[in-house]
Amino acid sequence: MGSPKKNDNKGFFAAMSSGLSMFGNAMHRSVNGLLGYEGVEVINPEGGKEDAEEEAQRGRWKQEERDSYWKMMQKYIGSDITSLVTLPVLIFEPMTMLQKMAELMEYSYLLDQADECEDPYMRLVYATSWAISVYYAYQRTWKPFNPILGETYEMVNHGGISFIAEQVSHHPPMSAGHAENEHFTYDVTSKLKTKFLGNSVDVYPVGRTRVTLKRDGVVLDLVPPPTKVNNLIFGRTWIDSPGEMIMTNQTTGDKAVLYFQPCGWFGAGRYEVDGYIYNAAEEPKILITGKWNESLSCQPCDLEGEPIPGAELKEVWHVAAVPKNDKFQYTYFAHKINSFDTAPKQLLASDSRLRPDRFALEHGDLSKAGSEKSSLEERQRAEKKEREAKGHQFAPRWFNLTNEVTPTPWGELEVYQYNGKYAEHRSAIDNSDSIDVADVRSTEFNPWQFGNLSLE
(Lines give C-alpha, C1' and ligand atoms only; values in the text may rest on other atoms or scores of the structure.)
Protein backbone atom coordinates (compact mmCIF):
# COMPACT_ATOMS: atom_id res chain seq x y z
CA MET A 1 0.00 0.00 0.00
CA GLY A 2 1.56 3.29 -1.05
CA SER A 3 1.79 6.41 1.01
CA PRO A 4 -1.00 8.97 0.76
CA LYS A 5 -0.47 11.93 -1.49
CA LYS A 6 -0.19 15.33 0.05
CA ASN A 7 -3.15 17.56 -0.67
CA ASP A 8 -1.71 21.02 -0.08
CA ASN A 9 -3.79 22.47 -2.91
CA LYS A 10 -6.87 20.36 -2.36
CA GLY A 11 -8.09 21.96 0.84
CA PHE A 12 -11.74 21.76 1.64
CA PHE A 13 -12.30 25.50 1.54
CA ALA A 14 -11.02 25.70 -2.03
CA ALA A 15 -13.40 22.92 -2.95
CA MET A 16 -16.29 24.70 -1.25
CA SER A 17 -15.64 27.88 -3.24
CA SER A 18 -16.35 25.98 -6.42
CA GLY A 19 -19.57 24.55 -5.09
CA LEU A 20 -18.18 21.11 -4.29
CA SER A 21 -16.92 20.88 -7.84
CA MET A 22 -14.97 17.78 -6.83
CA PHE A 23 -18.16 15.89 -7.54
CA GLY A 24 -17.48 16.57 -11.18
CA ASN A 25 -15.19 13.57 -10.96
CA ALA A 26 -18.16 11.27 -10.45
CA MET A 27 -20.28 9.88 -13.23
CA HIS A 28 -23.17 12.34 -13.37
CA ARG A 29 -25.61 13.36 -16.04
CA SER A 30 -28.80 15.33 -16.25
CA VAL A 31 -32.13 13.81 -17.13
CA ASN A 32 -32.47 16.08 -20.13
CA GLY A 33 -35.25 15.76 -22.64
CA LEU A 34 -37.78 14.58 -20.02
CA LEU A 35 -40.45 17.24 -19.74
CA GLY A 36 -40.51 18.77 -16.27
CA TYR A 37 -37.18 17.24 -15.21
CA GLU A 38 -34.72 19.50 -16.98
CA GLY A 39 -31.54 19.90 -14.98
CA VAL A 40 -32.14 17.00 -12.60
CA GLU A 41 -28.68 15.58 -11.88
CA VAL A 42 -28.37 11.82 -11.45
CA ILE A 43 -25.05 10.53 -10.14
CA ASN A 44 -24.16 6.87 -10.58
CA PRO A 45 -21.29 5.95 -8.22
CA GLU A 46 -20.50 2.85 -10.25
CA GLY A 47 -20.06 5.02 -13.31
CA GLY A 48 -20.91 4.71 -16.95
CA LYS A 49 -22.83 1.44 -17.13
CA GLU A 50 -26.30 2.94 -17.45
CA ASP A 51 -27.44 6.20 -18.89
CA ALA A 52 -29.06 8.79 -16.65
CA GLU A 53 -32.61 7.86 -17.64
CA GLU A 54 -32.07 4.23 -16.64
CA GLU A 55 -30.41 5.15 -13.33
CA ALA A 56 -33.21 7.63 -12.60
CA GLN A 57 -35.75 4.80 -12.66
CA ARG A 58 -33.91 2.99 -9.89
CA GLY A 59 -34.06 3.59 -6.17
CA ARG A 60 -36.76 3.29 -3.55
CA TRP A 61 -39.47 5.36 -5.25
CA LYS A 62 -42.24 4.27 -7.59
CA GLN A 63 -42.73 6.39 -10.72
CA GLU A 64 -45.78 8.21 -9.35
CA GLU A 65 -43.96 8.88 -6.06
CA ARG A 66 -40.97 10.34 -7.90
CA ASP A 67 -43.24 12.64 -9.86
CA SER A 68 -45.10 13.73 -6.72
CA TYR A 69 -42.01 14.42 -4.62
CA TRP A 70 -40.25 16.25 -7.44
CA LYS A 71 -43.23 18.58 -7.87
CA MET A 72 -43.31 19.15 -4.11
CA MET A 73 -39.57 19.65 -3.63
CA GLN A 74 -38.36 21.57 -6.69
CA LYS A 75 -39.52 24.90 -5.25
CA TYR A 76 -37.02 24.43 -2.40
CA ILE A 77 -33.93 24.21 -4.63
CA GLY A 78 -31.16 26.30 -3.08
CA SER A 79 -32.81 26.30 0.35
CA ASP A 80 -31.84 24.90 3.75
CA ILE A 81 -34.43 22.16 4.24
CA THR A 82 -33.28 20.94 7.67
CA SER A 83 -36.69 21.64 9.20
CA LEU A 84 -38.45 23.40 6.34
CA VAL A 85 -40.18 20.47 4.69
CA THR A 86 -42.51 17.83 6.11
CA LEU A 87 -41.16 14.63 4.63
CA PRO A 88 -42.96 11.28 4.21
CA VAL A 89 -42.18 8.69 6.90
CA LEU A 90 -41.32 6.26 4.08
CA ILE A 91 -37.79 7.73 3.86
CA PHE A 92 -37.13 7.62 7.62
CA GLU A 93 -35.23 5.15 9.75
CA PRO A 94 -36.49 4.30 13.27
CA MET A 95 -33.92 6.52 14.99
CA THR A 96 -33.64 10.20 15.86
CA MET A 97 -30.75 12.59 15.31
CA LEU A 98 -29.96 12.35 19.03
CA GLN A 99 -29.50 8.60 18.71
CA LYS A 100 -27.46 9.13 15.56
CA MET A 101 -25.11 11.29 17.65
CA ALA A 102 -24.60 8.35 19.99
CA GLU A 103 -23.38 6.15 17.11
CA LEU A 104 -20.04 7.93 17.42
CA MET A 105 -19.55 5.94 20.64
CA GLU A 106 -19.45 2.51 18.91
CA TYR A 107 -15.65 2.41 18.77
CA SER A 108 -15.07 4.48 21.91
CA TYR A 109 -12.29 2.06 22.91
CA LEU A 110 -10.13 4.04 20.47
CA LEU A 111 -10.46 7.08 22.74
CA ASP A 112 -9.58 4.87 25.71
CA GLN A 113 -6.43 3.87 23.83
CA ALA A 114 -5.69 7.51 23.00
CA ASP A 115 -5.91 8.39 26.68
CA GLU A 116 -3.59 5.54 27.66
CA CYS A 117 -1.08 6.29 24.88
CA GLU A 118 2.12 8.14 25.83
CA ASP A 119 3.18 8.89 22.23
CA PRO A 120 1.49 12.24 21.36
CA TYR A 121 1.29 11.40 17.65
CA MET A 122 -0.16 7.91 18.11
CA ARG A 123 -2.63 9.49 20.49
CA LEU A 124 -3.93 11.52 17.55
CA VAL A 125 -3.94 8.41 15.34
CA TYR A 126 -6.30 6.65 17.76
CA ALA A 127 -8.49 9.73 18.22
CA THR A 128 -8.86 10.44 14.49
CA SER A 129 -9.56 6.76 13.81
CA TRP A 130 -12.41 7.06 16.32
CA ALA A 131 -13.75 10.12 14.48
CA ILE A 132 -13.59 8.32 11.11
CA SER A 133 -15.07 5.03 12.35
CA VAL A 134 -18.63 6.38 12.48
CA TYR A 135 -18.74 7.07 8.74
CA TYR A 136 -19.53 3.44 8.04
CA ALA A 137 -22.81 3.96 9.93
CA TYR A 138 -23.34 7.42 8.42
CA GLN A 139 -23.55 6.01 4.89
CA ARG A 140 -27.09 4.81 5.57
CA THR A 141 -29.54 6.44 3.16
CA TRP A 142 -32.50 6.69 5.54
CA LYS A 143 -33.28 9.96 7.30
CA PRO A 144 -33.40 10.03 11.10
CA PHE A 145 -36.33 11.78 12.80
CA ASN A 146 -35.81 15.41 13.83
CA PRO A 147 -35.99 15.50 17.66
CA ILE A 148 -38.79 17.31 19.43
CA LEU A 149 -37.65 20.32 21.49
CA GLY A 150 -36.69 18.97 24.92
CA GLU A 151 -36.33 15.39 23.66
CA THR A 152 -33.41 13.43 25.11
CA TYR A 153 -31.45 10.24 24.55
CA GLU A 154 -29.58 8.36 27.28
CA MET A 155 -27.21 5.43 26.90
CA VAL A 156 -25.36 3.22 29.38
CA ASN A 157 -23.94 -0.33 29.31
CA HIS A 158 -21.38 0.39 26.57
CA GLY A 159 -17.68 0.87 27.27
CA GLY A 160 -18.37 2.27 30.73
CA ILE A 161 -19.87 5.35 29.08
CA SER A 162 -22.67 7.56 30.33
CA PHE A 163 -24.19 9.39 27.34
CA ILE A 164 -26.84 12.12 27.32
CA ALA A 165 -28.07 14.21 24.38
CA GLU A 166 -30.83 16.83 24.31
CA GLN A 167 -32.59 18.86 21.64
CA VAL A 168 -31.83 22.37 22.84
CA SER A 169 -33.35 24.44 20.00
CA HIS A 170 -36.07 23.91 17.41
CA HIS A 171 -35.45 26.89 15.08
CA PRO A 172 -32.71 26.43 14.15
CA PRO A 173 -32.59 22.72 15.03
CA MET A 174 -29.74 22.25 17.50
CA SER A 175 -28.65 19.34 19.66
CA ALA A 176 -26.10 19.06 22.45
CA GLY A 177 -24.43 15.91 23.74
CA HIS A 178 -22.11 14.76 26.50
CA ALA A 179 -20.44 11.41 27.05
CA GLU A 180 -18.01 10.35 29.71
CA ASN A 181 -16.12 7.37 31.07
CA GLU A 182 -12.91 6.97 33.09
CA HIS A 183 -10.74 7.91 30.10
CA PHE A 184 -12.45 10.81 28.32
CA THR A 185 -15.23 13.34 28.12
CA TYR A 186 -16.95 14.16 24.84
CA ASP A 187 -18.92 17.35 24.27
CA VAL A 188 -20.73 18.44 21.13
CA THR A 189 -23.03 21.22 19.99
CA SER A 190 -24.55 20.32 16.63
CA LYS A 191 -26.49 22.44 14.14
CA LEU A 192 -26.79 20.83 10.73
CA LYS A 193 -27.10 23.16 7.76
CA THR A 194 -28.30 21.89 4.40
CA LYS A 195 -28.58 23.08 0.82
CA PHE A 196 -31.11 21.32 -1.37
CA LEU A 197 -29.92 21.00 -4.97
CA GLY A 198 -32.85 19.19 -6.58
CA ASN A 199 -31.85 15.54 -6.62
CA SER A 200 -29.15 15.92 -3.98
CA VAL A 201 -28.52 17.76 -0.74
CA ASP A 202 -25.29 19.11 0.73
CA VAL A 203 -25.07 18.69 4.51
CA TYR A 204 -22.71 20.97 6.41
CA PRO A 205 -21.84 19.88 9.96
CA VAL A 206 -22.02 23.25 11.69
CA GLY A 207 -20.96 22.33 15.19
CA ARG A 208 -18.24 22.05 17.76
CA THR A 209 -16.85 18.71 18.90
CA ARG A 210 -14.41 18.53 21.80
CA VAL A 211 -12.79 15.49 23.41
CA THR A 212 -10.83 15.78 26.65
CA LEU A 213 -8.47 12.92 27.49
CA LYS A 214 -8.47 12.66 31.26
CA ARG A 215 -4.99 11.33 32.04
CA ASP A 216 -3.12 14.41 30.78
CA GLY A 217 -6.04 16.81 30.30
CA VAL A 218 -5.41 16.98 26.55
CA VAL A 219 -8.20 18.76 24.62
CA LEU A 220 -8.92 17.70 21.03
CA ASP A 221 -11.05 19.74 18.61
CA LEU A 222 -12.68 18.11 15.57
CA VAL A 223 -13.82 19.69 12.29
CA PRO A 224 -15.39 17.02 10.02
CA PRO A 225 -15.92 17.22 6.25
CA PRO A 226 -19.34 17.95 4.73
CA THR A 227 -21.58 15.25 3.34
CA LYS A 228 -23.44 15.02 0.05
CA VAL A 229 -26.55 12.86 -0.33
CA ASN A 230 -26.96 11.95 -4.00
CA ASN A 231 -30.04 10.75 -5.92
CA LEU A 232 -32.63 11.74 -3.34
CA ILE A 233 -35.59 11.23 -5.68
CA PHE A 234 -34.20 9.86 -8.96
CA GLY A 235 -31.84 6.88 -8.88
CA ARG A 236 -30.28 4.90 -6.05
CA THR A 237 -29.54 7.12 -3.05
CA TRP A 238 -25.91 7.13 -1.92
CA ILE A 239 -23.72 9.23 0.34
CA ASP A 240 -20.21 10.65 0.06
CA SER A 241 -18.17 12.93 2.34
CA PRO A 242 -15.36 14.49 0.29
CA GLY A 243 -13.05 17.03 1.86
CA GLU A 244 -10.79 17.48 4.86
CA MET A 245 -11.20 16.30 8.44
CA ILE A 246 -9.02 18.21 10.88
CA MET A 247 -8.42 17.22 14.50
CA THR A 248 -6.30 19.64 16.52
CA ASN A 249 -4.64 18.97 19.85
CA GLN A 250 -5.35 22.34 21.45
CA THR A 251 -2.95 21.58 24.27
CA THR A 252 0.16 20.93 22.15
CA GLY A 253 -0.63 22.29 18.67
CA ASP A 254 -0.22 18.88 17.00
CA LYS A 255 -2.92 18.04 14.49
CA ALA A 256 -4.27 15.45 12.09
CA VAL A 257 -5.32 16.43 8.56
CA LEU A 258 -7.11 13.69 6.66
CA TYR A 259 -8.53 13.92 3.15
CA PHE A 260 -11.69 12.02 2.24
CA GLN A 261 -11.36 11.24 -1.46
CA PRO A 262 -14.36 12.06 -3.68
CA CYS A 263 -15.99 9.29 -5.65
CA GLY A 264 -14.59 9.25 -9.19
CA TRP A 265 -15.30 7.42 -12.45
CA PHE A 266 -16.43 3.82 -11.91
CA GLY A 267 -16.35 4.36 -8.16
CA ALA A 268 -12.62 5.13 -8.07
CA GLY A 269 -11.49 6.69 -4.80
CA ARG A 270 -14.77 6.12 -3.02
CA TYR A 271 -14.33 5.47 0.73
CA GLU A 272 -10.59 6.25 0.63
CA VAL A 273 -9.03 8.36 3.40
CA ASP A 274 -5.41 9.55 3.44
CA GLY A 275 -3.54 12.01 5.59
CA TYR A 276 -0.94 12.81 8.19
CA ILE A 277 -0.37 13.53 11.83
CA TYR A 278 1.66 16.77 12.08
CA ASN A 279 3.59 18.18 15.01
CA ALA A 280 3.17 21.79 16.13
CA ALA A 281 5.85 22.81 13.60
CA GLU A 282 3.63 21.29 10.85
CA GLU A 283 6.08 18.50 10.12
CA PRO A 284 4.50 15.16 9.16
CA LYS A 285 5.18 12.42 11.70
CA ILE A 286 2.78 9.59 10.90
CA LEU A 287 0.79 8.81 7.75
CA ILE A 288 -2.71 7.35 7.92
CA THR A 289 -4.34 5.49 5.05
CA GLY A 290 -7.36 3.26 4.54
CA LYS A 291 -11.06 3.21 3.77
CA TRP A 292 -13.70 4.58 6.09
CA ASN A 293 -15.96 1.60 5.37
CA GLU A 294 -13.26 -1.02 6.07
CA SER A 295 -10.16 -0.18 8.10
CA LEU A 296 -7.43 2.36 8.84
CA SER A 297 -3.68 1.84 9.19
CA CYS A 298 -0.75 4.05 10.13
CA GLN A 299 2.99 4.16 9.51
CA PRO A 300 5.81 6.48 10.68
CA CYS A 301 7.01 8.83 7.93
CA ASP A 302 9.88 11.19 7.19
CA LEU A 303 9.68 14.96 6.71
CA GLU A 304 8.67 14.42 3.07
CA GLY A 305 5.72 12.31 4.15
CA GLU A 306 7.27 9.11 2.81
CA PRO A 307 7.13 5.90 4.90
CA ILE A 308 10.29 5.29 6.92
CA PRO A 309 12.01 2.23 5.39
CA GLY A 310 11.33 -0.89 7.40
CA ALA A 311 8.61 0.77 9.48
CA GLU A 312 5.52 -1.37 9.99
CA LEU A 313 2.17 -0.47 8.47
CA LYS A 314 -0.05 -1.03 11.52
CA GLU A 315 -3.82 -1.51 11.40
CA VAL A 316 -5.48 0.72 13.99
CA TRP A 317 -9.19 0.18 13.34
CA HIS A 318 -11.31 -2.37 11.50
CA VAL A 319 -15.07 -2.19 10.99
CA ALA A 320 -17.03 -4.67 13.09
CA ALA A 321 -19.19 -7.39 11.55
CA VAL A 322 -22.66 -6.17 10.53
CA PRO A 323 -26.04 -7.91 10.13
CA LYS A 324 -26.74 -9.25 6.65
CA ASN A 325 -29.64 -7.83 4.61
CA ASP A 326 -30.72 -5.49 7.40
CA LYS A 327 -33.78 -3.49 6.35
CA PHE A 328 -32.31 -0.17 7.47
CA GLN A 329 -28.62 -1.06 6.92
CA TYR A 330 -28.18 -1.00 10.71
CA THR A 331 -25.03 -2.12 12.45
CA TYR A 332 -25.34 -4.29 15.56
CA PHE A 333 -24.53 -1.17 17.57
CA ALA A 334 -27.38 0.78 15.92
CA HIS A 335 -29.77 -1.94 17.08
CA LYS A 336 -28.20 -1.65 20.53
CA ILE A 337 -28.86 2.10 20.52
CA ASN A 338 -32.56 1.51 19.84
CA SER A 339 -32.71 -1.27 22.43
CA PHE A 340 -33.87 -0.75 26.00
CA ASP A 341 -30.85 -2.85 27.03
CA THR A 342 -28.76 0.33 26.84
CA ALA A 343 -31.37 2.37 28.74
CA PRO A 344 -30.52 3.35 32.32
CA LYS A 345 -32.70 2.72 35.35
CA GLN A 346 -35.73 5.05 35.36
CA LEU A 347 -35.30 6.23 31.79
CA LEU A 348 -36.36 9.83 31.19
CA ALA A 349 -39.83 10.05 29.64
CA SER A 350 -38.35 12.40 27.03
CA ASP A 351 -36.13 9.63 25.60
CA SER A 352 -36.10 8.99 21.84
CA ARG A 353 -36.74 5.27 22.31
CA LEU A 354 -40.24 6.13 23.58
CA ARG A 355 -41.32 8.16 20.54
CA PRO A 356 -44.47 6.48 19.20
CA ASP A 357 -43.64 7.30 15.56
CA ARG A 358 -40.16 5.83 15.86
CA PHE A 359 -41.50 2.73 17.63
CA ALA A 360 -44.21 2.20 15.01
CA LEU A 361 -41.72 2.51 12.14
CA GLU A 362 -39.38 0.06 13.85
CA HIS A 363 -42.21 -2.46 13.89
CA GLY A 364 -43.16 -1.86 10.24
CA ASP A 365 -46.37 0.13 10.72
CA LEU A 366 -45.81 3.04 8.32
CA SER A 367 -49.38 4.31 8.59
CA LYS A 368 -49.24 4.60 12.38
CA ALA A 369 -45.72 6.05 12.20
CA GLY A 370 -46.94 8.78 9.85
CA SER A 371 -49.95 9.71 11.98
CA GLU A 372 -47.90 9.67 15.21
CA LYS A 373 -45.24 11.87 13.60
CA SER A 374 -47.89 14.40 12.54
CA SER A 375 -49.40 14.32 16.04
CA LEU A 376 -46.04 15.03 17.69
CA GLU A 377 -45.31 17.90 15.33
CA GLU A 378 -48.76 19.36 15.96
CA ARG A 379 -48.29 19.11 19.71
CA GLN A 380 -44.87 20.75 19.44
CA ARG A 381 -46.47 23.72 17.67
CA ALA A 382 -49.14 23.90 20.39
CA GLU A 383 -46.51 23.90 23.14
CA LYS A 384 -44.62 26.70 21.42
CA LYS A 385 -47.83 28.73 21.15
CA GLU A 386 -48.63 28.23 24.84
CA ARG A 387 -45.08 28.98 25.92
CA GLU A 388 -44.99 32.23 23.94
CA ALA A 389 -48.44 33.24 25.23
CA LYS A 390 -47.13 32.93 28.80
CA GLY A 391 -43.92 34.77 27.94
CA HIS A 392 -41.81 31.78 28.88
CA GLN A 393 -38.45 30.99 27.35
CA PHE A 394 -37.48 27.39 26.66
CA ALA A 395 -34.51 26.28 28.76
CA PRO A 396 -32.74 22.95 28.21
CA ARG A 397 -32.52 20.72 31.26
CA TRP A 398 -29.04 19.22 30.92
CA PHE A 399 -27.16 21.90 28.96
CA ASN A 400 -26.73 25.66 29.35
CA LEU A 401 -26.38 28.19 26.56
CA THR A 402 -23.04 29.95 26.98
CA ASN A 403 -21.97 33.38 25.80
CA GLU A 404 -19.48 31.74 23.45
CA VAL A 405 -20.04 32.02 19.70
CA THR A 406 -17.50 29.96 17.77
CA PRO A 407 -16.71 30.28 14.05
CA THR A 408 -17.01 27.22 11.80
CA PRO A 409 -16.32 26.82 8.06
CA TRP A 410 -20.09 27.11 7.48
CA GLY A 411 -21.13 29.89 9.85
CA GLU A 412 -21.08 30.89 13.49
CA LEU A 413 -22.34 28.61 16.25
CA GLU A 414 -23.76 29.34 19.67
CA VAL A 415 -22.20 26.86 22.08
CA TYR A 416 -24.12 24.86 24.68
CA GLN A 417 -22.26 23.43 27.67
CA TYR A 418 -23.08 20.36 29.74
CA ASN A 419 -24.14 21.59 33.18
CA GLY A 420 -23.39 18.46 35.23
CA LYS A 421 -26.98 18.04 36.41
CA TYR A 422 -27.44 14.76 34.56
CA ALA A 423 -24.66 13.10 36.57
CA GLU A 424 -26.37 14.30 39.76
CA HIS A 425 -29.73 13.02 38.49
CA ARG A 426 -28.32 9.57 37.67
CA SER A 427 -26.39 9.36 40.94
CA ALA A 428 -29.53 10.11 42.94
CA ILE A 429 -31.44 7.36 41.11
CA ASP A 430 -28.62 4.81 41.34
CA ASN A 431 -28.24 5.44 45.08
CA SER A 432 -31.96 5.32 45.83
CA ASP A 433 -34.00 2.33 46.87
CA SER A 434 -36.69 3.10 44.30
CA ILE A 435 -37.86 0.28 42.08
CA ASP A 436 -37.64 0.76 38.34
CA VAL A 437 -40.76 0.66 36.18
CA ALA A 438 -41.57 -2.96 35.37
CA ASP A 439 -41.73 -2.29 31.64
CA VAL A 440 -40.21 1.02 30.60
CA ARG A 441 -41.77 0.57 27.15
CA SER A 442 -45.12 1.47 28.68
CA THR A 443 -43.84 4.94 29.63
CA GLU A 444 -45.54 7.67 27.59
CA PHE A 445 -43.17 9.83 25.56
CA ASN A 446 -43.14 13.24 27.23
CA PRO A 447 -40.60 15.93 26.25
CA TRP A 448 -43.07 18.72 26.96
CA GLN A 449 -42.43 21.51 29.43
CA PHE A 450 -46.08 22.42 29.62
CA GLY A 451 -48.67 19.75 30.41
CA ASN A 452 -52.30 19.29 29.37
CA LEU A 453 -51.83 20.89 25.98
CA SER A 454 -54.86 21.76 23.91
CA LEU A 455 -54.48 21.09 20.18
CA GLU A 456 -57.28 23.44 19.22
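# Exercises on a predicted model

On the far side of helix H3 from its buried residues, Glu64 and Lys71 are exposed, where exposed stands for over 50% relative accessible area, buried for under 20% and partly exposed for what lies in between (1.4 Å probe, protein chains only). The model is predicted, with local features needing pLDDT of at least 70 and side-chain atom pairs counting only at pLDDT 80 or more, while totals for chains, interfaces and linings use all residues. Residues are numbered from 1 along each chain as its sequence is written, and side-chain values use heavy atoms, with hydrogens and water left out.

## Exercise 1: Two helices and their buried residues

Task: Establish which residues of H3 and of H11 are buried, and how these are arranged around each helix axis.

Solution. Begin with the inventory: the protein chain has eleven helices and 20 strands, which are DSSP runs numbered from the N terminus (helices H or I, at least four residues; strands E, at least two). Of the 456 residues in the chain, 54% are buried.

Next, take H3, which spans residues 63–73 and whose buried residues are Arg66, Tyr69, Trp70 and Met73. Viewed down the axis of H3, these fall within an arc of 105 degrees, so they line one face of the helix; the arc is that of the directions from the helix axis to the C-beta atoms. The general background is that an α-helix has 3.6 residues a turn, so residues three or four places apart point the same way.

Then turn to H11 (residues 421–430), where Tyr422, His425, Arg426 and Ile429 are buried. Down the axis of H11 the buried residues lie within an arc of 95 degrees, and therefore they line one face of this helix. Glu424 and Ala428, on the other side of H11, are exposed.

Finally, ask what covers the buried residues of H11: the cover includes strand E5 (152–155), strand E6 (162–169) and strand E20 (411–418), with contact meaning heavy atoms within 4.5 Å. For the chain as a whole, among contacts with a separation of 6 or more, 59% are between residues 24 or more positions apart.

## Exercise 2: An aromatic pair

Task: Describe the geometry of the pair formed by tryptophan 398 and tyrosine 422, and say which parts of the chain it ties together.

Solution. A search of the whole structure finds 15 aromatic pairs, the rule being that rings of Phe, Tyr and Trp (its six-membered ring) pair if their centres lie within 6.5 Å, with planes under 30 degrees apart counted as stacked, over 60 as edge-to-face and the rest as tilted. Tryptophan 398 and tyrosine 422 are 5.5 Å apart centre to centre with 85 degrees between the planes, an edge-to-face pair. Tryptophan 398 lies in the loop between helix H10 (366–389) and strand E19 (399–408), whereas tyrosine 422 lies in H11, so the pair ties together parts that are 24 residues apart in sequence.

Both partners can then be checked for accessibility: tryptophan 398 counts as buried because its relative accessibility is 3%, and tyrosine 422 counts as buried because its value is 1%. Elsewhere, ring pairs link Tyr135, Tyr138, Phe260, Tyr271 and Trp292 into a cluster.

## Exercise 3: Backbone geometry in loops

Task: Locate the cis peptide bond between histidine 171 and proline 172, and place asparagine 231 and glutamine 329, which have a positive phi.

Solution. As a general point, most residues other than glycine have a negative phi, and most peptide bonds are trans. The bond joining histidine 171 and proline 172 is cis, with omega about 0 degrees, and proline 172 lies in the loop between E6 and strand E7 (174–180).

Asparagine 231 has a phi of about 60 degrees and sits in the loop between strand E11 (227–230) and strand E12 (238–240). With a relative accessible area of 1%, asparagine 231 is buried.

Glutamine 329 has a phi near 60 degrees and is found in the loop between strand E18 (314–318) and H8. At 40% relative accessibility, glutamine 329 counts as partly exposed.

## Exercise 4: A loop alanine

Task: Find where alanine 343 is placed and which residues it touches.

Solution. Alanine 343 is in the loop between helix H8 (332–338) and helix H9 (356–362), and at 13% relative accessibility alanine 343 counts as buried. Leaving aside residues up to four places away in sequence, alanine 343 touches Val156, Asn157 and Arg353. The C-alpha atoms of alanine 343 and arginine 353, which are ten residues apart along the chain, are separated by 8.9 Å.
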